[in-house]
Amino acid sequence: MALDGIVVSNLVHEMNEKLTGGRLSKIAQPENDELLLTVKNQKDTHRLLLSASASLPLAYFTESNKANPLTAPNFCMLLRKHAGNGKILSVTQPGLERIIDICLEHLDEMGDLCRKHLIIELMGKHSNIILTNHQHVILDSIKHVPSSMSSVREVLPGRPYFIPDTMHKKNPLTITETEAAAILHGRGNAAKVIYTSLTGISPQAAEELLYRSGVDSTQSADALSDQDRQQFARELLLLVKDIQAGHFHPAIYLKNGEPKEFSSIFMGIYSGYEKKETPSASQMLESYYAAKNTADRIRQKSADLRKVVQTCMDRSRKKYDLQRKQLKDTEKRERYRIYGELLNTYGYEAAPASRSLEAVNYYTGEPVTIPLDPDLTAHENAKRYFEKYSKQKRTFEALTVQLRETEEEIQHLDSIATSIDLADTVDDLNQIRREMAEYGYIKKHLTNSKESRKAANAKCRPHHFISSDGFDIYVGRNNYQNEELTFKFADGNDIWMHAKKIPGSHVIIKSGGRSIPDRTYEEAGQLAAYYSKARGADKVEVDYIEKKHVKKPGGGKPGFVIYHTNYSLLAPSDISHIRQVE
């Protein structure tokens, strides 16, 4: 479901109830396109998240907080100057637009009472957060839009603020029954005609209106009867009446346990879905989008790390292939040694200027033809073969070490890439960044600023779960944490788990001296499968063993271990039923 004008209307209704009369006590900008406002209204404190993300614009009340940059961005500083401690007079929505207008009253630098408008536009890639004065002149915005980016409207300080009417849609809140019926005289799919003609109506809402009217949404608008059009007009006006009265029914619709749609009105078209009602639009949006929003943010913040890891991985794999090819070329070294020995033994039989010598290999008893340089004596040919043997032997020994090092480097990079994929907080990424700097994948000066050092040293705790049998299960978030979890946190009789032969997190079951039931093993195995490169697979093989049998190889990379005589189990990578401790 889209964040349409109906959902925005639900949000505005909720904001008016909670914010009107309150004061804006804190203003933070945790992301480049996101604000976190704290409003105190009598004894209640509300935290409002506003996001102008192009991929996921959002507005909702939240209980959670976010880490803020040490230095506040310019827009945040301007808001604090012009709206800090301001009193919220009203929250409105122009028409059924996807726009929220928060009207504030505060004292300016001269001590005079003045009004400002904080306008949140939730319009996909055109989303923005704009501050204007009482005359609707733009003071600043979280995103600047010059004329080179838009020929319709500039969003810059000093420019007038207005809502561009590019689609010439009708306002559903003021439409008459006759006008509503006339909409369905257009050409094309009936649902499309509705949502392209009315402001704030999403394709899903248009289909729902037709469903309530008893009309097939795939029909052409021109093919509908006058009765169909009149019934649609009545259903639209009933919906408008509910919106204006604040009668909303926010709910999430699930299919096979996964959230698929959401809406602030009852949706008959989703009658085959499981319906999960929520107390408010904010809880609906936070529940539906919180995980997706976090994942999108982490993906954006990790893009540079992913690129570095991929570049290093490509280079290491090319080096590995070259080393293997060079190593294959050294396979003739033993033949050269045998040729040299046979020439020292049978060289007297070689005629001068011979190009070859037939001899018997006394190691195998088989005849062998030894190529000779006719310009050299048999002894000189033997010496030449021994030199070739020595050179290739040295090459083989050096390449064997280099090949092992390159293989370990590829495994290390693969584990870092998996850690990035599994990261769900900025602190996770900062620890990964620190590891990459330590091993030379990125320059250390990139992590040497005061802010970077503070972020890198921030402690992020391992994931903590409680099994159905009451056992504590801990899951490492990255290589450093895997190592600390296994070798500093876990006791000898605790159970250690890891997805077999693939990068992933270390999982520890704290036994506490008790016998661990099979169900806890299975749930810990599912966690090891989920927090691995094989996430999403139906079945993942997981190794497990008492922690005291897990060792760290000398000079090994962080999180790399060796173990023997382990047990294995097959586990699905589904952890939805396992309780996590925040």
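**Reading helices, strands and single residues in a predicted model**

User: Between which two elements is the loop that holds Ala353?

Analyst: Ala353 sits in the loop that connects helix 9 (333–346) with strand 13 (356–361); helices (H or I, at least four residues) and strands (E, at least two) are DSSP runs numbered from the N terminus. The model is a predicted one, in which local features need pLDDT of at least 70 and side-chain atom pairs count only at pLDDT 80 or more, while totals for chains, interfaces and linings use all residues. Residues are numbered from 1 along each chain as its sequence is written, and side-chain values use heavy atoms, with hydrogens and water left out.

User: What is the phi of Ala353, and is this residue buried or exposed?

Analyst: The phi of Ala353 is near 65°, which is a positive value in a residue other than glycine. With a relative accessible area of 55%, Ala353 is exposed (buried is under 20%, exposed over 50%, partly exposed in between, with a 1.4 Å probe and protein chains only). Thr565 can be read in a similar way: its phi is positive, at about 50°, although Thr565 is not a glycine. Thr565 belongs to the loop between strand 19 (540–546) and strand 20 (567–571), and its relative accessibility of 70% makes it count as exposed.

User: Where is Leu3 found, and which residues does Leu3 touch?

Analyst: Leu3 is found in the segment before helix 1 (5–19), and its relative accessibility of 10% makes it count as buried. Leaving aside residues up to four places away in sequence, Leu3 touches Val8, Pro57, Leu58, Arg98, Leu122, Phe262 and Leu285, a contact being heavy atoms within 4.5 Å. The C-alpha atoms of Leu3 and Ile516, which are 513 residues apart along the chain, are separated by 47 Å.

User: How should one describe two packed helices, and at what angle do the axes of helix 10 and helix 11 cross?

Analyst: Two packed helices are described by the angle between their axes together with the distance between the axes. The axes of helix 10 (residues 378–422) and helix 11 (residues 426–438) come within 10 Å and cross at roughly 160°, which makes helix 10 roughly antiparallel to helix 11. Axes are lines fitted to C-alpha atoms, for helices over the stretch in contact, with angles from 0 to 180 degrees between N-to-C directions; under 35 degrees counts as roughly parallel, over 145 as roughly antiparallel, 65 to 115 as roughly perpendicular, and the rest as oblique. This crossing of helix 10 and helix 11 is left-handed (the near helix is turned anticlockwise from the far one by less than a right angle, and clockwise would be right-handed). From helix 10, His412, Ile416, Ser419 and Ile420 meet Ile432, Glu435 and Met436 of helix 11, and the residues of this contact divide into 4 nonpolar, 2 polar and 1 charged.

User: How do helix 5 and helix 6 cross, and which residues of the two meet?

Analyst: Helix 5 (residues 203–212) and helix 6 (residues 226–245) have axes that come within 8 Å and cross at roughly 120°, and the two helices are therefore oblique to each other. Their crossing is right-handed. Leu209, Leu210 and Arg212 of helix 5 meet Phe232, Glu235, Leu236 and Leu239 of helix 6, and the residues in this contact are 5 nonpolar, no polar and 2 charged.

User: What holds the strands of a sheet in pairs, and in what order do the strands of the sheet with 3 strands stand?

Analyst: Strands of a sheet pair through backbone hydrogen bonds, either parallel or antiparallel. Here 3 strands form an open sheet in the order 11-10-12, with antiparallel pairing (two strands pair if DSSP finds at least two bridges between them). Strand 11 (258–263) and strand 12 (274–277) stand at the edges with a single partner strand each, so one side of each has no neighbour in the sheet. The twist from one strand to the next averages 30°. Strand 10 (residues 251–255) pairs with strand 11 in the antiparallel sense over 5 bridges, and Lys255 stands opposite Glu258 in strand 11.

User: Which strands form the edges of the sheet with the order 20-19-17-18-16-15-21?

Analyst: In this open sheet of 7 strands, whose pairing is antiparallel, the edge strands are strand 20 and strand 21 (579–581), each of which pairs on one side only. Strand 17 (residues 495–499) runs antiparallel to strand 19 and is joined to it by 5 bridges, and Trp496 has Ile545 of strand 19 as its bridge partner. Helix 13 (residues 479–489) lies across strand 16 (472–475), strand 17 and strand 18 (507–509), at about 140° to strand 16.

Terms used:
Nonpolar A, V, L, I, M, F, W, Y, C, P; charged D, E, K, R; others polar.
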